[in-house]
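Visitor: Please take one part of this model and go through it closely. I would like cut-offs stated where a term depends on them.

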There are 2 protein chains.
Amino acid sequence: MSQLKGNAVVGQSGGPTAAINASLAGVIRGVLANPDAIPALYGMKNGIEGFLAGDFVSLLPLFSDETKLRHLEQTPAAALGSCRKKLPDPAKDRAFFDGLIEKFREMDIRYFFYVGGNDSMDTVAKLSAYLETVDYEMRVVGIPKTIDNDLADTDHTPGFGSAAKYVAVTLSEIVRDCAVYRVPAVTVVEIMGRDARWLTASAALPGAISGEGVDLIYLPERPFTFEQFTEDLREAFKRHPNLVVAISEGIRSPEGRYIGESAQSGAADAFGHKYLAGAGKVLEQFVKETFGCKVRSFELSLPQRCAAHLASETDLCEASLLGSSGVKAAVEGKSGVMAALERVSDEPYKCSVVLRPVGKIANAIRKVPDEYINAAGNGITPAGIAYLTPLIRGERAVEYKNGLPIHVII
Amino acid sequence: MSQLKGNAVVGQSGGPTAAINASLAGVIRGVLANPDAIPALYGMKNGIEGFLAGDFVSLLPLFSDETKLRHLEQTPAAALGSCRKKLPDPAKDRAFFDGLIEKFREMDIRYFFYVGGNDSMDTVAKLSAYLETVDYEMRVVGIPKTIDNDLADTDHTPGFGSAAKYVAVTLSEIVRDCAVYRVPAVTVVEIMGRDARWLTASAALPGAISGEGVDLIYLPERPFTFEQFTEDLREAFKRHPNLVVAISEGIRSPEGRYIGESAQSGAADAFGHKYLAGAGKVLEQFVKETFGCKVRSFELSLPQRCAAHLASETDLCEASLLGSSGVKAAVEGKSGVMAALERVSDEPYKCSVVLRPVGKIANAIRKVPDEYINAAGNGITPAGIAYLTPLIRGERAVEYKNGLPIHVII
């Protein structure tokens with residue numbers, strides 16, 4: 001173990017999650033536990049983009065006690081702000097990295113922690129590769145987060161458990177809501193993730209855990225056909241009149257075309273074509289025309305990734321643990337790695353922290369395994385349920401003031 | 001006080017809320033407290049419609065202890081099921097009421113409690129009026145509930161506080177989510193209530209309570225113009241780049257036309273015209289064309305009325321209190337009344353239970369007072385905030401199992 005004394009910098013990047021600030025709290029805890037190695041910790045505002053513009057904040061004075069760290073943990077979305085900056089190839093744009101190292105040198109920064117998903121791990125990998133070519137000792141460690149759960153080389157990703165819990169709890173409530181009337185009705189709930197499908201799989205949890213859940217679940221892993229959908233609904237109507245259907249926004253036809261028109265080609269910019277419908281609206285219209293029954297659809301939308309009031313305690317604890325473990329690993333000499341989770345057992349649930357080389361992770365995607373989806377392509381198997389269930393367990397005793405959760409604004 | 005001994009029946013009617021089962025729990029508690037007057041309590045399945053078809057359940061054996069009642073209280077949407085049956089005019093259709101009384105007589109039912117909104121109070125009023133003309137002693141009491149908060153003669157309505165808390169907490173999280181990037185962006189959040197606007201007003205709570213909230217709020221009480229909206233956004237962009245706009249689904253033009261195409265004429269049935277856009281989508285498209293910035297819109301949808309995991313403790317307590325108070329009033333001889341709330345003071349918040357004649361309530365609507373909306377028509381005044389704030393205070397310690405809230409299914 002080589003001793004390296006110097007300051008640290010931490011950034012948050014990519015899309016919001018309910019647990020990304022628990023990761024940050026973990027990094028702060030890790031630094032507080034190593035005062036001899038790391039005297040100061042700077043938070044980059046809006047990730048590396050803000051840092052390059054000179055925007056950062058000294059974090060240790062702000063989070064001197066556990067109460068403040070707990071408030072940080074119950075705050076959704078990157079408290080430091082985020083960015084979507086992709087770094088250049090270090091082999092091609094050395095000037096960019098030289099400028100970055102110059103800034104680090106000025107501030108005596110020897111530790112670099114970056115919380116994020118694929119793009120953030122790409123940043124860690126590039127900086128790590130560049131550092132091997134220059135005479136500046138610095139250690140860089142990635143801390144994973146994404147609601148998509150699609151990072152490679154880790155059992156799961158902080159942020160996903162809380163998003164899955166939001167989806168599961170909300171659907172359990174929607175199913176109750178839909179059960180109060182006796183008239184035939186279909187409610188289509190569209191879940192985030194055009195290419196990442198794990199979150200839609202968590203729609204199976206209410207049924208598996210409580211016995212009352214959604215009737216059908218469609219993931220993009222299997223082609224979606226209206227014929228099968230019609231057949232599935234007919235079968236489901238035989239059991240009860242109020243059907244709830246959970247779909248991924250990214251479901252596709254056998255030819256690979258998105259069912260949602262808005263998903264097909266970046267509808268956000270399609271001026272000429274008004275109100276392109278998402279997959280839920282397309283299915284709503286189809287059900288109306290085919291069954292003539294009451295039907296509605298809606299998207300769970302942003303709350304899926306920011307409903308910190310309903311965070312999974314398991315998720316928050318693991319996020320913090322990975323943050324502090326990343327710092328510990330760096331202090332002990334590791335660099336170019338991501339702090340990851342390896343599952344030891346489902347029941348009792350146990351994961352251990354492992355360090356993985358970040359290079360492989362940056363450009364890989366972890367998909368829902370085929371054995372987690374049932375043969376009919378409209379539900380999740382017991383193996384999938386066994387994987388998902390522990391991740392949503394536990395509730396944080398969120399502190400409220402005047403009816404609202406306390407949020408930390410940096 | 002005239003003594004009346006006999007069984008009781010209770011029903012739930014109208015749309016789901018997060019507190020409607022707390023009202024039911026209150027009725028059960030009220031009956032348990034009066035065993036001499038009321039030996040048995042029957043729950044109508046799917047309201048009076050199910051009861052007429054012979055579908056009911058004996059409730060006291062199911063809810064013999066406080067733990068079960070607490071689980072009932074944390075279950076969203078009518079546990080007994082609901083209906084939207086409107087009773088005929090007792091002066092015109094005596095046969096209908098004769099049949100009903102015959103059923104009551106068979107089961108020795110002397111107390112009738114009905115939990116609901118306007119239509120339910122109409123049921124109570126009609127049954128009450130009919131009972132005055134026949135030789136069958138029975139007492140009927142209405143227990144208010146609606147997320148719309150539009151019932152007359154009560155300070156507010158159980159169910160509203162929890163819905164308002166959901167809107168306020170969710171918006172406080174969405175505002176955090178939207179704040180992480182620095183690029184100009186507009187997020188339009190559409191809130192339930194085509195004709196009832198109280199819920200949209202609660203979007204002002206995050207800003208008033210924590211200092212960080214939505215930028216603009218539009219209620220149908222004031223005409224909506226795209227000119228003013230453009231001006232409001234321009235002003236708001238001067239303050240920060242990430243704007244969050246809360247709108248009622250029922251906002252209207254100065255001519256009284258709904259801004260949302262889908263709200264204009266029951267779009268649910270408009271086969272020929274695909275994907276009619278709600279008000280949020282119309283505004284999204286307008287912002288895209290006018291400002292060219294990143295923009296998105298979504299509806300808070302069903303979770304507003306069924307997110308029991310985030311219920312207001314104040315709301316749940318008042319719902320139960322009105323339920324038990326309604327029973328107490330009936331046992332003491334009252335009939336044809338609704339148990340209502342009268343505010344004593346805002347700070348410290350205090351409401352007392354009062355009994356109001358149900359006849360007047362059934363056909364009245366309580367609107368958001370003009371003095372609760374600011375002069376610009378894009379926000380809520382301190383008077384409105386003072387009214388709303390106490391209603392979302394307090395959090396129930398919801399009991400979870402395996403990551404999901406425990407729900408009672410009757």
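Visitor: Into which domains is chain A divided, and which residues belong to each?

Guide: This is a predicted model, in which local features need pLDDT of at least 70, side-chain atom pairs count only at pLDDT 80 or more, and totals for chains, interfaces and linings use all residues. Residues are numbered from 1 along each chain as its sequence is written, while chains are lettered from A and ligands numbered from 1 in the order in which they are written.

Chain A is divided into domain 1 (7–159 + 308–364 + 393–405) and domain 2 (163–306); the bounds come from an automatic or database domain assignment. The C-alpha centres of the two domains of chain A lie 33 Å apart. Their contact takes 14 residues from domain 1 of chain A and eleven residues from domain 2 of chain A, where contact means C-beta atoms, placed from the backbone, within 7 Å. On the domain 1 side, seven of these residues are nonpolar, five polar and two charged. In this classification Ala, Val, Leu, Ile, Met, Phe, Trp, Tyr, Cys and Pro are nonpolar, Asp, Glu, Lys and Arg are charged, and the others, Gly among them, are polar.

A:Leu283 is found in helix 11 (residues 279–291) of chain A. Helices (H or I, at least four residues) and strands (E, at least two) are DSSP runs, numbered from the N terminus. A:Leu283 counts as buried because it has 26 C-beta neighbours inside 10 Å; 20 or more make a residue buried, 12 or fewer exposed, and values in between partly exposed, with C-beta atoms placed from the backbone. Leaving aside residues up to four places away in sequence, A:Leu283 touches A:Val188, A:Ile247 and A:Ser297. A:Met192, 91 residues from A:Leu283 in sequence, is 16 Å away, C-alpha to C-alpha.

Between the chains, 55 residues of chain A are in contact with 55 residues of chain B. Helix 11 of chain A is among the elements that give two or more residues to the chain A side, and so are strand 9 (294–299) and helix 6 (160–178). Helix 6 of chain A supplies the largest share, nine residues. By class, the chain A side has 27 nonpolar, 15 polar and 13 charged residues. A rotation of 180° with 0.0 Å of shift along its axis superposes chain A on chain B (RMSD 0.0 Å), by least squares on the C-alpha atoms of residues with pLDDT of at least 70 in both. That is the relation of a two-fold axis. The same surface serves both copies, since 100% of the contact residues of chain A recur in chain B.

In chain B, four strands form an open sheet in the order 7-8-6-9, with parallel pairing; strands pair if DSSP finds at least two bridges between them. Strand 7 (216–218) and strand 9 (294–299) of chain B stand at the edges with a single partner strand each, so one side of each has no neighbour in the sheet. The twist averages 15° from one strand to the next. Three bridges pair strand 7 of chain B with strand 8 (residues 242–248) of chain B, and B:Ile217 stands opposite B:Ala246 in strand 8. Helix 9 (residues 226–239) of chain B lies across strand 6 (185–191), strand 7 and strand 8 of chain B, at about 145° to strand 8. Axes are lines fitted to C-alpha atoms, for helices over the stretch in contact, and angles run from 0 to 180 degrees between N-to-C directions.

Notes
Two residues are in contact if their C-beta atoms, placed from the backbone, lie within 7 Å.
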